[in-house]
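Trainee: Got a minute to go through a model with me? I'd like to start with a helix and work outward.
Mentor: Sure, put it up.

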Amino acid sequence: MENAIKDWRGRSYCPGPVPADRARMFRLALAAMAVIAPLQYGYAALLARDAGGLTLLAVWIACQAAGALPALHLVRRGRLRVRACLAAGAALSSLGLATAALTSPGPIALAGYALLGGLGAGLVYGVCGEVVSSWYPERPAARVGLITGAFGYGAVPLLLWTGIAPGATSAAFLVSAVLAAAVIGLAARELRLPPARWWPDDVDPRSHALDAARLRTSPEAVKQFGLAQAVRTRTLPALALLLTCAGAVSVFDVIVVAGTGAWGALALLVALNGAGRSVAVRASERFGRRRVLAAVFAALALGQILLAVAVQNASAVSARGESSVGSPLLWLGAVAAGLGGGAFYPLLASLVRELFGTERATEIHAVVYSAKAVAGAVAAVLALVALTAPGAALLAAAALAALPALATPRLRIPGLPVTIPL
């Protein structure tokens, strides 16, 4: 750290040249996230149609959410190389996709798809996010929002393919397995972490830290929290609860819209789930994290109400032998649910940096993200209820989405006295 400089808060930076392949590493990380998307949204839309499939999806989500934290812990400490981690992720993710293609719900699917496939996706998700945020420290939220968006819209080609040719579902998953092995394998060869405290030498870190416009919408944490310190605050469990509620509704919406048979609305929902993430991050840089996050949760709640009315109308229409694929309410509900159903993930990640500091933000966010394991179980329960009472399940989902919308504005910055206004 001979060339390290410090900003006004005492944080150290080691400016260095920007590598020529930084943009290539970003594109490969984005592609790797896109090819694991069928494991979640593809399976939720196409194969989670009964109690067995929903159970497998819930276990997969739990393994994917929990698999990121141990990998990040080892990678950050140099005990596991990025290449080895992503190589394992390539093998396990492709195995999960192949298992989904070739087996029905049972012990083999539980081991191959849910356990190993979930773990592989968690490795890819966690390590790609860490690599991108480390190489773009001046704007980590925007860049990570882009690659996590690929985790949503990466499933759209598979959904369109199977919507056009329903009998090709197994073939589509097999092709996805081959793509996952090839793309993540290539990413494993190219991705790497920068030196400790690296900062691009074409951006002055001291000026960046004093940027008044940025500080107005994204204030700095009062200190750099360690993982143990963050866990002891009230804010971290609150963030985990927000993710649990919204994460459950996000997955549930894909299952519900897939059940209507409106493949166009489903593809739009999943596409907006991914694309809305980068839009929300950019909006939060202008209007503030918590304000935009509350709006995202409100959009998700509104989507549930619109979908509930659309599903009830569809039941009446189907009783008359007509099609409800063109229902305007269904499409509007898909738009609202799509915009709200993915954008909260990068917003919560950036909020972790804002509340707890940047030094351990990735590991702290991994703890928050692990709450998605509970969200998967809640989504499966909602989907089971929807098999017999879809309207009631969607109204329950609306309540789950409304809770974080009301709670987000009251999030408190850890370390400030309670007498200081929010």
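Trainee: Which residues of α1 are buried?
Mentor: Keep in mind that this is a predicted model. In α1, the buried ones are Arg22, Met25, Phe26, Leu28, Ala29, Ala32, Met33, Ala34 and Val35.

Trainee: And what do those buried residues pack against?
Mentor: Several helices and a strand. The buried residues of α1 pack against α2 (37-46), α4 (82-102), α5 (107-135), α6 (140-153) and α8 (169-190), and also against β3.

Trainee: How many residues does α1 have, and what does it reach end to end?
Mentor: α1 covers residues 22-35, which is 14 residues. From first C-alpha to last it reaches 20 Å, close to the 20 Å expected at 1.5 Å a residue.

Trainee: Let's pick one residue. Is methionine 25 buried or exposed?
Mentor: Methionine 25 is found in α1. Its relative accessibility is 3%, and buried means under 20%, so it counts as buried.

Trainee: What does methionine 25 touch, beyond residues up to four places away in sequence?
Mentor: Trp135, Glu190, Leu191 and Arg192.

Trainee: How far is methionine 25 from leucine 227 in space?
Mentor: They are 28 Å apart, C-alpha to C-alpha. In sequence, 202 residues separate methionine 25 and leucine 227.

Trainee: Back to leucine 191. What is leucine 191 in contact with, leaving aside neighbours within four places?
Mentor: Met25, Leu28, Ala29, Val82, Leu86, Cys128 and Val131.

Trainee: New topic, the nonpolar core. How many residues are in the largest one?
Mentor: The largest nonpolar core has 132 residues. Leu86, Leu191, Leu239 and Phe252 have the most contacts inside it. Helix α12 (residues 235-260) supplies the largest share of this core, 15 residues.

Trainee: Any general background for that?
Mentor: In soluble globular proteins, nonpolar side chains tend to be buried together.

Trainee: How many disulfides are there?
Mentor: The count is zero. Take cysteine 85: the nearest cysteine sulfur belongs to cysteine 128, 9.1 Å away.

Trainee: Why does 9.1 Å rule out a disulfide for cysteine 85?
Mentor: The two sulfur atoms must be within 2.5 Å, so cysteine 85 is in no disulfide at 9.1 Å. Cysteine 128 is in none either; its nearest cysteine sulfur is that of cysteine 85.

Trainee: Are those two buried or exposed?
Mentor: Cysteine 85 is buried, with a relative accessible area of 2%. Cysteine 128 also counts as buried, at 0% relative accessibility.

Trainee: Now the sheet. What order do the strands take?
Mentor: Three strands form an open sheet, ordered β1-β2-β3, with mixed pairing. β1 (5-6) and β3 (198-200) stand at the edges, each with a single partner strand, so one side of each has no neighbour in the sheet.

Trainee: Which pairs run parallel or antiparallel?
Mentor: β1 and β2 run antiparallel, joined by two bridges. β2 (residues 12-16) and β3 run parallel, joined by three bridges.

Trainee: Which residues face each other across those pairings?
Mentor: Lysine 6 has serine 12 in β2 as its bridge partner. Cysteine 14 has tryptophan 198 in β3. Proline 15 stands opposite tryptophan 199 in β3.

Trainee: Last one. How many of β2's residues are buried?
Mentor: Four of its five, so to speak a mostly covered strand.

Key: Residues are numbered from 1 along each chain as its sequence is written. This is a predicted model: local features need pLDDT of at least 70, side-chain atom pairs count only at pLDDT 80 or more; totals for chains, interfaces and linings use all residues. Side-chain values use heavy atoms; hydrogens and water are left out. Two strands pair if DSSP finds at least two bridges between them. A nonpolar core is a set of buried Ala, Val, Leu, Ile, Met, Phe, Trp, Tyr and Cys residues joined through side-chain atoms within 4.5 Å. Buried means under 20% relative accessible area, exposed over 50%, partly exposed in between (1.4 Å probe, protein chains only). Contact means heavy atoms within 4.5 Å. The expected span of a helix is 1.5 Å times one less than its number of residues.
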